[in-house]
Amino acid sequence: MKQHKYQLIRVHVPEPGASVRFTGETDRSYGRLAGIFVAMPEPIKEIGAALGLKIGGQEIFDDEHDVRLLTCGREVAPNDKFYQFPEHIEAGGASIEGRLVDAANSDQGYPFEARIILHLVSEK
């Protein structure tokens with residue numbers, strides 16, 4: 001079995017200012033959440049957007065967490081894009097609950113899809 005996996009969560013943002021709740025479950029084969037990265041279709045969509053996230057009922061980010069802290073530009077190497085969690089976060093089959101709030105700083109480019117990528121590892 002591979003030692004790591006990148007699990008994709010797609011969040012459909014229908015209109016400016018939308019607050020979109022999403023749910024899911026982490027892959028059961030991987031025991032720990034090691035990192036996270038958020039990809040938005042345009043840099044302007046990152047400014048003022050917020051992400052709240054709970055994994056297994058544990059709050060990872062409050063509802064007002066700035067998305068710009070979890071993104072980076074194209075010039076960054078793929079393995080360096082992820083925010084790495086310093087603490088151990090259990091993930092194997094854990095529930096995912098989240099909310100993405102669009103900043104409504106542009107009236108163009110809607111609807112769009114935000115992508116939240118979880119870096120899961122098999123180590124406990």
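This report describes the fold, the two sheets, one loop residue and the largest pocket of a predicted model.

## Overall fold

The protein chain contains eight strands and zero helices. Followed along the sequence, its elements give the pattern β-β-β-β-β-β-β-β. The radius of gyration is 14 Å, close to the 14 Å that the globule rule gives for 124 residues, so the protein chain is as compact as a globular protein of that length.

The C-alpha trace spans about 45 × 30 × 20 Å along its principal axes. As for burial, 44% of the 124 residues of the protein chain count as buried; a residue is called buried when its relative accessible area is under 20%.

## The sheet of strands 1, 8, 3 and 6

One open sheet is built from four strands in the order 1-8-3-6, and its pairing is antiparallel. Which strands stand at the edges of this sheet? They are strand 1 (residues 4-13) and strand 6; each has a single partner strand, so one side of each is left without a neighbour in the sheet.

Strand 8 takes part in two of the pairings described here. With strand 1 it pairs in the antiparallel sense over 10 bridges, and within this pairing Q7 has L118 of strand 8 as its bridge partner. Strand 8 (residues 112-121) also runs antiparallel to strand 3 (residues 32-39), to which it is joined by seven bridges. Two residue pairs illustrate this second contact: F37 stands opposite I117 in strand 8, and R32 stands opposite V121 in strand 8.

Is strand 8 mostly covered or mostly uncovered? Strand 8 is mostly covered, since eight of its 10 residues are buried. A general point helps in viewing any such element: in a regular strand, the side chains alternate between the two faces of the sheet.

## The sheet of strands 2, 7, 4 and 5

Another open sheet has four strands in the order 2-7-4-5, again with antiparallel pairing. Its edges are formed by strand 2 (residues 19-25) and strand 5 (residues 58-66); each has a single partner strand, so one side of each is left without a neighbour in the sheet. On average, and with direction ignored, neighbouring strands of this sheet are turned by 10° against each other.

How many bridges link strand 2 and strand 7? Strand 2 and strand 7 (residues 95-101) pair in the antiparallel sense over seven bridges. As an example at the level of single residues, T23 has E97 in strand 7 as its bridge partner.

## A residue in a loop

E87 lies in the loop between strand 6 (residues 83-84) and strand 7. Its relative accessible area is 40%, and E87 is therefore partly exposed, because this class covers values between 20% and 50%. Along the chain, E87 and I55 are 32 residues apart, and their C-alpha atoms are separated by 13 Å.

## The largest pocket

Rolling a probe the size of a water molecule over the atoms shows where empty space is left. In this model, the largest pocket holds about 240 Å³ of space.

Which residues lie nearest the centre of this pocket? Of the 13 residues that line it, M40, E46, C72, G73 and R74 lie nearest the centre. Sorted by class, the lining of the largest pocket has seven nonpolar, four charged and two polar residues.

Definitions and conventions
Residues are numbered from 1 along each chain as its sequence is written. This is a predicted model: local features need pLDDT of at least 70, side-chain atom pairs count only at pLDDT 80 or more; totals for chains, interfaces and linings use all residues. Side-chain values use heavy atoms; hydrogens and water are left out. On a 1 Å grid over the protein atoms alone, a cavity is a set of points where a 1.4 Å probe fits but cannot get out, and a pocket is an open set with protein on both sides within 12 Å along at least five of seven lines; lining residues have an atom within 4 Å of a point. Grid points are joined across faces, edges and corners, and a volume is the space filled by probe spheres set on the points. Ala, Val, Leu, Ile, Met, Phe, Trp, Tyr, Cys and Pro count as nonpolar, Asp, Glu, Lys and Arg as charged, and the others, Gly among them, as polar. Two strands pair if DSSP finds at least two bridges between them. Axes are lines fitted to C-alpha atoms, for helices over the stretch in contact, and angles run from 0 to 180 degrees between N-to-C directions. The radius of gyration is taken over C-alpha atoms; the globule rule is 2.2 Å times the number of residues to the power 0.38. Buried means under 20% relative accessible area, exposed over 50%, partly exposed in between (1.4 Å probe, protein chains only).
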